Amino acid sequence: MLKAFCGNLSRPPRKVECHPEPDPFNPCEDILGNWWLRISAWVMAILSLLGNIAVLVVLLSLQFKMSVSKFLMCNLAIADLCMGAYLTSILVMDARTVVYQCNGVFIPIGPGCQIAGFLTVFASELSIFTLAMITSERWYAITYAMHLDRRLRVSTATKVMAFGWIYAATVAALPLLGISAYSKTR
């Protein structure tokens with residue numbers, strides 16, 4: 001039922017009792033707040049998932065041999081795909097709970113939060129590491145453009161990226177081992 005308030009038509013707020021009591025870190029409101037933000041986030045999540053899958057399909061299906069640049073772009077697409085999966089999990093939780101605080105006690109301590117926390121930290125760390133590698137590789141290629149014998153090889157890039165994957169997984173797993181937490185609000 002719509003009501004007029006200050007010349008605008010809107011729905012009256014729902015009466016919701018929240019336990020525990022709301023505080024600045026756990027307000028008694030929707031995760032995303034309004035429909036415009038919710039729709040925008042869904043569009044971004046879908047574009048992120050489809051776009052990064054398309055990048056992987058195109059780069060991995062080409063008949064040409066794998067170059068260092070293509071290899072690094074595949075790693076970046078995987079990291080961004082993980083971030084898209086994280087965003088999708090947040091949106092699914094938003095659709096399921098609608099009011100965060102009433103479910104707030106269960107969200108930060110559940111296995112879903114642990115998976116989402118791991119995914120977002122892993123994706124962020126791997127993405128930053130890969131972007132640093134891409135930047136370094138491009139700098140190296142430009143600096144030594146005339147020296148064809150001084151190019152970075154795929155085998156070297158694979159070893160460096162293996163370190164990056166191990167680093168990202170280790171940092172993301174620390175809260176699972178009891179070091180810090182994905183959701184410290186109190």
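# Reading a predicted helical model

Q: Which residues of α5 are buried?
A: In this predicted model, they are Ala 157, Met 161, Gly 164, Ala 168 and Ala 172. Buried means under 20% relative accessible area.

Q: What puts these buried residues on the same side of α5?
A: Look at the arc around the axis. They cover only 60° of it, so they lie on the same side of α5.

Q: Which residues are exposed on the other side of α5?
A: Lys 159, Phe 163 and Ile 166 are. Exposed means over 50% relative accessible area.

Q: How do you know what span to expect for helix α5, residues 154-173?
A: The expected span is 1.5 Å times one less than the number of residues. Helix α5 has 20 residues, and the expected value is 28 Å. From its first C-alpha to its last, α5 reaches 28 Å, which is close to that expectation.

Q: How does the reach of α1 compare with the span expected at 1.5 Å a residue?
A: The two values are close. Helix α1 has 27 residues and reaches 39 Å from first C-alpha to last, against an expected 39 Å. Several of its residues are buried, including Arg 38, Ala 41 and Leu 56.

Q: Why is Ile 39 called exposed and not buried?
A: Its relative accessible area is 51%. The cut-off for exposed is over 50%. The value passes that cut-off, so Ile 39 is exposed. Ile 39 is found in helix α1, residues 35-61.

Q: What makes Ile 39 part of a patch on the surface?
A: Ile 39 joins Trp 35, Val 43, Met 44 and Leu 47 in a nonpolar patch. Members need over 30% relative accessible area, and nonpolar side chains are joined within 5 Å. Together the five have about 570 Å² of accessible area.

Q: Why is Ile 46 called partly exposed?
A: Ile 46 also lies in helix α1. Its relative accessibility is 45%. Partly exposed covers the range between under 20% and over 50%. The value falls in that range, so Ile 46 counts as partly exposed. Its C-alpha atom is 9.3 Å from that of Ala 85, which is 39 residues apart along the chain.

Q: What makes the pair Arg 138 and Glu 137 a salt bridge?
A: The rule asks for a side-chain nitrogen of Lys or Arg within 4 Å of a carboxyl oxygen of Asp or Glu. Here the N to O distance is 2.9 Å. That is within 4 Å, so the pair counts as a salt bridge. A search of the whole structure finds one salt bridge.

Q: Are Glu 137 and Arg 138 buried or partly exposed?
A: Glu 137 has 10% relative accessibility, so it counts as buried. Arg 138 has a relative accessible area of 41%, so it is partly exposed.

Q: How many disulfides does the rule give?
A: Zero. A disulfide needs two cysteine sulfur atoms within 2.5 Å. Cys 74 is buried at a relative accessible area of 8%. Cys 82 is buried too, at 16%.

Q: Why is Thr 130 called buried?
A: Its relative accessible area is 0%. The cut-off is under 20%, so Thr 130 is buried. Thr 130 has its place in helix α4, residues 111-143. The C-alpha atoms of Thr 130 and Gly 164 are separated by 7.6 Å, though these residues are 34 apart along the chain.

Q: Why is Arg 151 called partly exposed?
A: Its relative accessible area is 35%. That is neither under 20% nor over 50%, so Arg 151 is partly exposed. Arg 151 lies in the loop between α4 and α5. Its C-alpha atom is 7.8 Å from that of Tyr 140, eleven residues apart along the chain.

Q: What is the secondary structure of the protein?
A: Five helices and two strands. From the N terminus on, the elements run β-β-α-α-α-α-α. Buried residues make up 27% of the 186 residues.

Note on methods:
Residues are numbered from 1 along each chain as its sequence is written. This is a predicted model: local features need pLDDT of at least 70, side-chain atom pairs count only at pLDDT 80 or more; totals for chains, interfaces and linings use all residues. Side-chain values use heavy atoms; hydrogens and water are left out. Patches are made of residues with over 30% relative accessible area and no salt bridge: like charges are joined within 9 Å, nonpolar side chains (Val, Leu, Ile, Met, Phe, Trp, Tyr) within 5 Å. Accessible areas come from the Shrake-Rupley method with a 1.4 Å probe; for residues, only the protein chains shown count as cover. Helices (H or I, at least four residues) and strands (E, at least two) are DSSP runs, numbered from the N terminus. Buried means under 20% relative accessible area, exposed over 50%, partly exposed in between (1.4 Å probe, protein chains only). The arc is that of the directions from the helix axis to the C-beta atoms.
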